Amino acid sequence: MELVTIDDVRSAAQRIRPHVVRTPLLPARWGDAERPLWIKPENLQPIGAFKVRGAFNAIGAVRERTEGPIDVVAYSSGNHAQAVAYAAATFGLRAHIVMPEETPNVKVQSTRDLGARVVLCGAGQREKVADEILTETTGVMIPPFDHPDIIAGQGTIGLEIAEDLPTVATVLIPVSGGGLASGIGTAVRALCPQAAIFGVEPELAADAAESLRVGHRVDWSIHDRNRTIADGLRSQPSALTFAHLQHVLDGIITVTEVEIRSAVRELASRGHLVAEPSGAVALAGYRKARTPLGQTVAILSGGNVEPRMLAQILTESD
């Protein structure tokens, strides 16, 4: 299987530069002295999550190959949906987005507000419904993670880390479908070969961790994966992303629901950053595991959280 390369990531960086925020590395002064902590706040992107990078790279590549109006189709639990809707609107394209019925309303409404047609579906049905819409529209599918252009787009985060902190010792990345970790891992592995790269995953949706442990992809039911509060981390790696994860990760740290909620509070109270539960798992992994000493970067992947959920989490105690 052909893996994404650092040249692919560099090409993606050129393509998406006019459309995305080059997020800073924020020093987290409350981190451990022997493991200085930096937060990469992708919640500052225009749609509140890193997904905008892959969406602009994939749709931008389609526009380079295709003239005239086209439809784009996507399926997503939320952040990829908003990213595709935003990128499609930027290019003047029609977007059709399939979202599970259990998706937080803040993400559904935000996707509609960006001009996309949203189709809600039952649990585990989003790929099937998206394929049906693709046939109806003769459009182009923009998958959430299972595509080289998506992986390369997400990898631009790793490119920025390598440029801003070449001495990085550890990078902590949320893992779901694996596109984010695949892309960042590709860039960091190429440019900072001394760095350790760890995925972080909820214990209640730890299919990627088990898959790496046994050496092949394992299937967890959608019912099991839906137990985690981290609604953006309920997907499973594809064959493509799993091949990347095997190549670039040093391991996966799993975290509990209590640890995830605590990380959301820590980012809000200490970092003044709003994180959705999925976006806070890298910090939870930093707190849980004794990762290598030295400069550590935790990816805050998104901040699209229901206000009522955030308020509830913030009023809890550790």
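**Exercise 1. Contacts and overall form**

Find what share of the contacts with a separation of 6 or more joins residues 24 or more positions apart, then judge how compact the chain is.

*Solution.* Start with the contacts of this predicted model. Residues 24 or more positions apart account for 74% of the contacts in the chain with a separation of 6 or more. Next, list the secondary structure: the chain has 13 helices and 10 strands. Now compare sizes. The radius of gyration is 18 Å, close to the 20 Å that the globule rule gives for 318 residues, so the chain is as compact as a globular protein of that length. Along its principal axes, the C-alpha trace spans about 55 × 40 × 40 Å. Finally, check burial: 61% of the 318 residues count as buried.

**Exercise 2. The largest nonpolar core**

Work out which residues of the largest nonpolar core touch the most other members, and which element gives the most to it.

*Solution.* The core holds 31 residues, and those touching the most other members are Leu37, Ile39, Leu172, Ile253, Val255 and Leu267. Several elements give two or more residues to this core: the strands β2 (37-41), β8 (196-202), β9 (251-255) and β10 (296-300), along with the helices α11, α12 and α13 (307-314). Of these, α12 gives the most, with 6 residues. To zoom in, take Leu172. Leaving out residues up to four places away in sequence, Leu172 touches a list of partners including Phe198, Val200, Ile253, Ala282, Tyr286, Val297 and Ile299.

**Exercise 3. The two sides of α1**

Decide how the buried residues of helix α1 (residues 6-16) are arranged around its axis, and what covers them.

*Solution.* First, collect the buried residues of α1: Ile6, Val9, Ala12, Ala13 and Ile16. Seen down the helix axis, these residues fall within an arc of 115 degrees, so they line one face of α1. A handy reminder: an α-helix has 3.6 residues a turn, so residues three or four places apart point the same way. Then turn to the face directed away from the buried side, which carries the exposed residues Asp7 and Gln14. Last, the cover over the buried residues includes α2 (51-65), α6 and α7 (179-191).

**Exercise 4. A buried acid**

Establish whether Asp149 is buried or exposed, and which side chain of opposite charge is nearest to it.

*Solution.* Locate the residue first: Asp149 is in helix α6 (residues 148-164). Asp149 is buried, and its nearest side chain of opposite charge is that of Arg65, 4.4 Å away. A salt bridge needs a separation within 4 Å, and Asp149 has none. Arg65 still appears among the contacts of Asp149, together with Gly54, Asn57, Ala58 and Ala61, once neighbours within four places in sequence are set aside.

**Exercise 5. Backbone angles and a second helix**

Identify the buried residues of α8 (residues 207-214), then look at the positive phi values of Gly215 and His272.

*Solution.* In α8 the buried residues are Asp207, Ala208, Ala209 and Ser211. Their cover includes β8, α9 (222-225), α10 (239-248) and β9. Just after α8 comes Gly215, with a positive phi of about 90 degrees. His272 also has a positive phi, about 55 degrees, although it is not a glycine. His272 sits in the loop between α11 (257-269) and α12 (277-288), and it is exposed, with a relative accessible area of 69%.

Conventions:
Residues are numbered from 1 along each chain as its sequence is written. This is a predicted model: local features need pLDDT of at least 70, side-chain atom pairs count only at pLDDT 80 or more; totals for chains, interfaces and linings use all residues. Side-chain values use heavy atoms; hydrogens and water are left out. Helices (H or I, at least four residues) and strands (E, at least two) are DSSP runs, numbered from the N terminus. Buried means under 20% relative accessible area, exposed over 50%, partly exposed in between (1.4 Å probe, protein chains only). Lys and Arg count as positive and Asp and Glu as negative; His and the chain ends are not counted. Contact means heavy atoms within 4.5 Å. The arc is that of the directions from the helix axis to the C-beta atoms. A nonpolar core is a set of buried Ala, Val, Leu, Ile, Met, Phe, Trp, Tyr and Cys residues joined through side-chain atoms within 4.5 Å. The radius of gyration is taken over C-alpha atoms; the globule rule is 2.2 Å times the number of residues to the power 0.38.
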